[in-house]
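Visitor: I am new to this structure and would like to go through it step by step. Please show it to me before we start.

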Amino acid sequence: MVEIKKEGIILRKTDLSFENDGVLNPAIIKENGKIHLFYRAVAKGNFSTVGHCVLSDPLTVEKRSDSPIIVPESEYEKHGVEDPRIVKIDDLFYLTYTSYDGINALGTLTTSKDLRSWKNKGIIVPKISYEEFKTLSESEGLIPEKYKRYNQFQISHINSYPIFLWDKNLIFFPRKINDKFYFLHRIRPEIQIASTKNIEDLNSDFWQDYFLHFKDHILLSPKYDHESGYIGGGCPPIETEYGWLMIYHGVYDTVNGYVYNACAALLDLGNPEKETSRLPYPLFRPEEEWELKGEVNNVCFPTGTIIENDRLYIYYGAADERIAVASLSISKLLKELMMYAV
């Protein structure tokens, strides 16, 4: 097993009104020698915005903004913008987050050239009801009980308001592959993958065809005990000589509720739709008091990474209330993953 060092908490909630209920699930990127951390800031009543701070090194906050950098702008995110992730492709930063209107939770994209001003591209994942999803994907006989279990709200809720499948954990790969944008997204309980030459092509026709071949787009399904409930994307994939290193979250059910673990897998470098390896145990799990107790207990939710020399720093939400860091040797992790290559 890979040796993990829990570096501890680096960011806590403050008395500021936009983040007085929790800080969690950060996006992180290094640009021009500075490490930028964009985090979910939660106000009372579970209203989320995106806060920002700069780190002088992977573990030290140098300066922190006293107001959010991204706030809800539209009706579809009136209850919050949640769980950002960020990559840079060519000369543009792609920051994705979950828009929440109080009912629907859907992946949204915003872009920037300077990490200060942002251009909202809107929701880019499918806006599809459970019934539409069922009808389209049934052509492959793909609607087992697992989809019903995780979409009971969408199935049973009666409301004049449109109700869509939750599609969260929208995460771009950090470069184009075969001249296409690739990204992860998640309709529970699995992680799906999609690709397109142009972001503008992610329209209703694209997604209708996608669901007609939905089985082809399932990237990872729950496999081991520590992820037996469901899984979801975590950090943006990391390009390595052995493939795309994927740090994701796996969830299992207990009598005391769900437990969220950090997990690791490898994808083929030229064909990221192919899984080549997966750890059969969690990379790390809730163990410390600040991971076991919080707004949501028993949560390690990884969302961003930085590499310094051979050290991989993984930033994660701890018990949905604070931001912590774990570190490990990336070379040792890759060596361990190669032991489980398929």
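Guide: One definition comes before the rest: two strands pair if DSSP finds at least two bridges between them. The model shown here is predicted.

Visitor: Which residue of β11 is the bridge partner of Phe172?
Guide: Strand β10 covers residues 168-172, and β11 covers residues 181-186. The two strands pair in the antiparallel sense over three bridges. In β11, the bridge partner of Phe172 is Phe183.

Visitor: Which are the edge strands of the sheet?
Guide: The open sheet has four strands, in the order β10-β11-β12-β13, with antiparallel pairing. Each edge strand pairs on one side only, and the two are β10 (168-172) and β13 (218-220).

Visitor: By what angle are neighbouring strands of this sheet turned against each other on average?
Guide: The sheet in question is the open one in the order β10-β11-β12-β13. With direction ignored, the average angle between its neighbouring strands is 30°.

Visitor: At about what angle does helix α4 run to β12?
Guide: Helix α4 spans residues 204-212, and β12 spans 191-196. The helix lies across both β11 and β12. Its angle to β12 is about 130°.

Visitor: How are the rings of Phe173 and Tyr182 arranged?
Guide: A search of the whole structure finds 26 aromatic pairs. In the pair of Phe173 and Tyr182, the ring centres are 6.3 Å apart and the planes stand at 75°. Planes over 60 degrees apart count as edge-to-face, so the pair of Phe173 and Tyr182 is edge-to-face.

Visitor: Are Phe173 and Tyr182 buried or exposed?
Guide: The cut-off for buried is under 20% relative accessible area. Phe173 has 0% relative accessibility, and Tyr182 has 7%. Phe173 therefore counts as buried, and Tyr182 likewise counts as buried.

Visitor: How many residues apart are Phe183 and Trp207?
Guide: The rings of Phe183 and Trp207 have their centres 6.3 Å apart and their planes at 70°, so this pair is edge-to-face. Phe183 is in strand β11 and Trp207 in helix α4, so the pair links distant parts of the chain, with a separation of 24 residues.

Visitor: Which aromatic residues are in one cluster with Phe183 and Trp207?
Guide: Phe183 and Trp207 are buried. The other members of their aromatic cluster are Tyr94, Tyr130, Phe133, Tyr147, Phe172, Phe181, Phe206, Tyr210, Phe211 and Phe214.

Visitor: How many residues of strand β20 are buried?
Guide: Strand β20 covers residues 311-318 and is mostly covered. Of its eight residues, the number buried is seven.

Visitor: Which residue of β20 stands opposite Gly304?
Guide: Strand β19 (residues 300-308) pairs with β20 in the antiparallel sense over eight bridges. Their hairpin has two residues between the strands, and Asn309 takes a positive phi near 60° there. Opposite Gly304, in β20, stands Tyr315.

Visitor: Which residue in the turn between β20 and β21 has a positive phi?
Guide: Strand β21 (residues 322-329) runs antiparallel to β20, and eight bridges join them. Across this pairing, Tyr313 stands opposite Ser327 in β21. The hairpin has three residues between its strands, and the positive phi, of about 55°, belongs to Ala319.

Visitor: How many residues apart are Lys13 and Glu321?
Guide: The side chains of Lys13 and Glu321 meet in a salt bridge at 3.5 Å, N to O. Lys13 is in the loop between β1 and β2, Glu321 in the loop between β20 and β21, and their separation is 308 residues.

Visitor: Is Glu321 buried or exposed?
Guide: Lys13 is partly exposed, with a relative accessible area of 34%. For Glu321 the value is 16%. Being under 20%, Glu321 is buried.

Visitor: With which Arg does Glu321 form a salt bridge?
Guide: The closest N and O atoms of this salt bridge are 3.1 Å apart. The partner counts as buried, at 11% relative accessibility. Glu321 forms the bridge with Arg322.

Methods. Residues numbered from 1 in each chain as written. Predicted model: local features only at pLDDT ≥ 70, side-chain atom pairs only at ≥ 80, totals over all residues. Heavy atoms only, no water. Axes fitted to C-alpha atoms, helices over the stretch in contact; angles between N-to-C directions. Contact = heavy atoms within 4.5 Å. Buried < 20%, exposed > 50% of the residue type's maximum accessible area, 1.4 Å probe, protein only. Phe/Tyr/Trp six-rings, centres within 6.5 Å; stacked < 30°, edge-to-face > 60°. Salt bridge = Lys/Arg side-chain N within 4 Å of Asp/Glu carboxyl O.
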